[in-house]
Amino acid sequence: MRTRLSLTLTLLSCASLSGASAVTPPVTPILQPGQAWVMQAGTPLPGWPAGGVVIPLGASRKVGAGSVKFTVPPRTDGAATVTDDLFYDPLDSDPEFIVGTRLTVRPGAAPVSVSCMVRTPHALVGRPQQGLLIRGDLFSREVVSSVLAYLQSGLQAGQPTCTLTRTR
């Protein structure tokens, strides 16, 4: 039950464009302001940057009991608005995990979300961490089911992969 509640909170926070700020910046052993991370799909995705999505960490906010979210301010890319963020869930999930997300919103189209979830992460520079690539509706039964299976047992054969790599 704790994992399901945590997962719901995680998905809601990753999909959100709103940004409440914390009074005191949360502390995390994995994600820190000043770091940069690269999110890369295991198999190239149409329209995905060749070098991956670079997510520089700046201000953060606390989410839930002990989770932390770093969001890059939204920016425009042609007619689209793009938001990248990294989310770390250490306390109210077992195992702990991080999720990098790129959310793209285009006028007249459904939002496009691509996330990379890594269980039991580390903060070592230059060491890619393989995880589960999550695309589409974060609240669909299929996505929630595959995320729960990944969190409980790790990657399963046939699941799409991705990497998160700390570069500084």
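Start by selecting R141, E142, Q152 and S153: these sit exposed on one side of helix 2. Keep in mind that you're looking at a predicted model.

Now pick the buried set on helix 2, namely V143, V147, L148, Y150 and L151. They fall within an arc of only 160° around the axis, so they share the same side of helix 2. The spacing fits the general pattern: with 3.6 residues a turn in an α-helix, residues three or four places apart point the same way.

Want a quick ruler check? Select residues 141-153, the whole of helix 2, and put a distance between the end C-alpha atoms: 18 Å. At 1.5 Å a residue, 13 residues should span 18 Å, so the two agree.

Step just past the end of helix 2 to G154, where phi is positive, at about 90°.

Next, go to the other end and click D137, in the loop between strand 9 (129-135) and helix 2. Is D137 buried or partly exposed? Its relative accessibility is 48%, so D137 counts as partly exposed. Add A110 to the selection: its C-alpha atom lies 9.7 Å from that of D137, though the two are 27 residues apart along the chain.

Last stop, the strands. Select residues 36-41 (strand 1) along with strand 2; the two run antiparallel, joined by 4 bridges. Zoom in on A36 and you'll find P56 of strand 2 opposite. Now show side chains for residues 53-56, which make up strand 2. V53 and I55 point to one face and are buried, whereas V54 and P56 point to the other face and are not buried. That's the alternation between the two faces of the sheet that a regular strand shows.

Notes: Residues numbered from 1 in each chain as written. Predicted model: local features only at pLDDT ≥ 70, side-chain atom pairs only at ≥ 80, totals over all residues. Heavy atoms only, no water. Buried < 20%, exposed > 50% of the residue type's maximum accessible area, 1.4 Å probe, protein only. Pairing = 2+ DSSP bridges. Expected span 1.5 Å × (residues − 1). Arc of directions from axis to C-beta.
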